[in-house]
Amino acid sequence: MDLGLKGAAVCVQGGSKGMGRAAAECFAADGARVVILARGRDEMDATVAELQRLGSPDAWCWPTDLLHPTSVEEAFAAIGERWGELNTLVNAAGPGADQKTFDGISDDEWHRAFSLGALSAVRCARAALPWLRKAEWARIVNVSAHSTKRQSRTLAAYTASKAAMTSISKNMSLALGPEEILVNTVSPGSFASDGFKMGMRRLAAGRGLDPDNLYDCMRWIAEDFGHPAHLPRAGDPKEIGAVIAFVGSKRNSYMTGANINVDGGSDFT
Ligand SMILES: NC(=O)c1ccc[n+]([C@@H]2O[C@H](COP(=O)([O-])OP(=O)(O)OC[C@H]3O[C@@H](n4cnc5c(N)ncnc54)[C@H](OP(=O)(O)O)[C@@H]3O)[C@@H](O)[C@H]2O)c1
């Protein structure tokens with residue numbers, strides 16, 4: 001299926017690893033121009049090289065700390081200067097919060113969780129708007145979490161920040177609908193991303209579970225958080241990258257304000 005992405009200008013924040021990177025790779029493979037925003041230079045350089053190999057010869061990165069409004073403004077000024085327009089913004093960075101119950105989280109930790117989990121998407125969308133408005137078609141995709149619908153005792157701040165993101169995403173859709181800028185949320189279940197595997201290595205050490213095995217990944221989630229999915233395995237980031245690319249493409253022309261679960265099956269609507 002032609003997603004209409006050839007030559008499209010696409011920004012993926014959090015695009016150097018995990019699901020953001022997987023989405024960036026899908027956009028690149030379909031011939032989009034891609035920029036990724038993140039902090040770690042080595043991972044960004046490696047990702048850019050792969051995006052160029054896949055079909056985005058002018059892929060580039062801009063070191064950005066999404067917790068800092070000035071850093072975000074500089075990133076989108078650079079995008080405007082280079083492209084003068086933006087078709088797609090994907091907000092995929094995270095997670096931004098440690099695992100703690102609500103009563104053990106300090107005010108600073110709550111602020112940090114919301115700053116990355118929800119506000120970073122607002123900051124980026126606000127800074128991107130002038131360039132989205134210049135493009136022939138425009139989409140925003142916000143990556144939230146299915147844990148907003150299935151509470152876990154130790155993910156209090158993270159889950160609350162993602163619930164805020166999902167709500168803001170709906171509001172963005174309402175606010176930008178008249179301009180035909182389409183805004184949607186994609187809510188992942190358990191995905192064996194770089195961040196996920198790092199957490200699993202730390203938290204499930206010594207249990208004989210392999211972070212590179214999607215079935216073992218789900219075993220860990222089931223043991224520590226309760227079994228969340230109909231399928232017996234975690235997702236590969238590539239499996240959600242393709243969904244994000246479709247939602248963020250020209251081909252998605254009438255879906256906005258939606259929250260799409262990509263979670264291996266759940267009872268959530
Ligand atoms: N993996 C899961 O099972 C799962 C489930 C539900 C929801 N999610 C959500 O899905 C999204 C992607 O998750 P993932 O697991 O694929 O993540 P990941 O592998 O940990 O990658 C996170 C990305 O965000 C960037 N990032 C983090 N903090 C940043 C900051 N302050 N400024 C700029 N960039 C920053 C990272 O790069 P640097 O660290 O180099 O900056 C990296 O590119 C996140 O929003 C996460 O909360 C994940």
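These are my notebook entries on the shell around the ligand and on helix α3.

Entry one, the model. I am working with a predicted model, in which local features need pLDDT of at least 70, side-chain atom pairs count only at pLDDT 80 or more, and totals for chains, interfaces and linings use all residues. Residues are numbered from 1 along each chain as its sequence is written.

Entry two, the ligand. I looked up the shell and found that 29 residues surround the ligand, the closest being Gly-14, Gly-18, Gly-40, Gly-94 and Gly-195; a residue is near if its C-beta atom, placed from the backbone, lies within 6 Å. The elements giving two or more residues to this shell are α1 (18–29) and α6 (194–203), where helices are DSSP runs (H or I, at least four residues) and strands likewise (E, at least two). Domain 1 (9–189 + 236–262) and domain 2 (192–234) both contribute to the shell, so the ligand lies between them; the domain bounds come from an automatic or database assignment.

Entry three, helix α3. I noted Val-72, Ala-75, Phe-76 and Ile-79 as the buried residues of α3, buried meaning 20 or more other C-beta atoms within 10 Å of a residue's own, and exposed 12 or fewer, with C-beta atoms placed from the backbone. Seen down the axis of α3, these buried residues fall within an arc of 90 degrees, so they line one face of the helix; the arc is taken from the directions from the helix axis to the C-beta atoms. On the face turned away from the buried side of α3, I found the exposed residues Thr-70 and Glu-81. Just after α3, Gly-84 has a positive phi of about 70 degrees.
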